[in-house]
Amino acid sequence: MKKRERIVMACSGGLHLGKKIAKAIKASYDKVKLERFPDTELRIQIPDVSGKQVYFVQSFYPEENDINDKLVEAVFAGQTARELGASKVSLIAPYLAYLREDKRFESGEAISARILAKLFKVFNWAKILKRVSPLIVLILSLLVLKISILRLSGLWQGKHFMAIIGKTC
């Protein structure tokens, strides 16, 4: 059976890690092309990924781009890759926002972790890499996502956890 080509695609919040990850897994590297319309809508574009395993890298840590814009960028990129025939679509997220709310603390409050999981159905499964907070494992377990531990030595340092969320098309 022929091994499928892998490509690491850096989103706006993953430019600092994309090349390192691509080199570590011996994959090709590219960036998600991102443009902003005058009304602040986002337009994304990716290269041909037909038949490839695609790994999007996006940190949802608030920096230059808003966290919400980063979510839209990642979901649009993932769905576009699926529509273009990628064999596998994954998201590598060194920091994943909206996981504080795993239950409703006050009446009428959104359960953001559950909603985020539904948005990420374009990716469908989860793996946690490196250091993992027990709270994160609990939240993802409650969201009925597959969880496994995987170590990638030497790539990431510090106390961040690495979540990979992916879907085999």
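**View 1. Packing of helix α2 in the predicted model.** The buried residues of α2 pack against four strands, β3 (33–36), β4 (42–45), β5 (53–57) and β6 (88–93), and against helix α3 (112–119). Those buried residues are K70, L71, E73, A74, V75, A77, G78 and A81. Charged K70 and E73 are thus listed beside A74 and V75. The helix itself covers residues 67–83, 17 in number. From first C-alpha to last, α2 reaches 24 Å, close to the 24 Å expected at 1.5 Å a residue.

**View 2. The two ends of α2.** D66 caps the N-terminal end. One of its side-chain oxygens lies 2.9 Å from the backbone nitrogen of N68. At the other end, just after α2, G85 takes a positive phi of about 90°.

**View 3. The largest nonpolar core.** This core holds 26 residues. V32, I46, F56, F60, L91 and F120 touch the most other members. Two or more residues each come from β1 (6–10), β5, α2, β6 and α3. Helix α2 gives the largest share, five residues. Apart from this core lies another, of eight residues, including L17, A22, A27 and Y55. In soluble globular proteins, nonpolar side chains tend to be buried together.

**View 4. Surroundings of F56.** Which residues is F56 in contact with, leaving aside its neighbours within four places in sequence? The contacts are M9, C11, V32, I46, A77, G78, A81, V89, S90, L91, I92 and F123. Among them, V32, I46 and L91 are also listed with F56 as core residues that touch the most other members. A77, G78 and A81 are buried residues of α2.

**View 5. E101 in the loop between β6 and α3.** Is E101 buried or partly exposed? E101 has a relative accessible area of 22%, so it counts as partly exposed, the cut-off for buried being under 20%. Leaving aside its neighbours within four places in sequence, E101 is in contact with E109, A110, I111, S112 and A113. The C-alpha atoms of E101 and R114 are separated by 8.3 Å. Along the chain, these two residues are 13 apart.

**View 6. S112 in helix α3.** S112 is at 15% relative accessibility and therefore counts as buried. A polar atom of its side chain lies 3.0 Å from the backbone oxygen of Y98. Beyond its neighbours within four places in sequence, S112 is in contact with Y98 and E101.

Key: Residues are numbered from 1 along each chain as its sequence is written. This is a predicted model: local features need pLDDT of at least 70, side-chain atom pairs count only at pLDDT 80 or more; totals for chains, interfaces and linings use all residues. Side-chain values use heavy atoms; hydrogens and water are left out. The expected span of a helix is 1.5 Å times one less than its number of residues. Buried means under 20% relative accessible area, exposed over 50%, partly exposed in between (1.4 Å probe, protein chains only). Contact means heavy atoms within 4.5 Å. A polar contact is a pair of N or O atoms within 3.5 Å; within protein, one must be able to donate a hydrogen and the other to accept it, and residues adjacent in sequence count only if both atoms are side-chain atoms. A nonpolar core is a set of buried Ala, Val, Leu, Ile, Met, Phe, Trp, Tyr and Cys residues joined through side-chain atoms within 4.5 Å.
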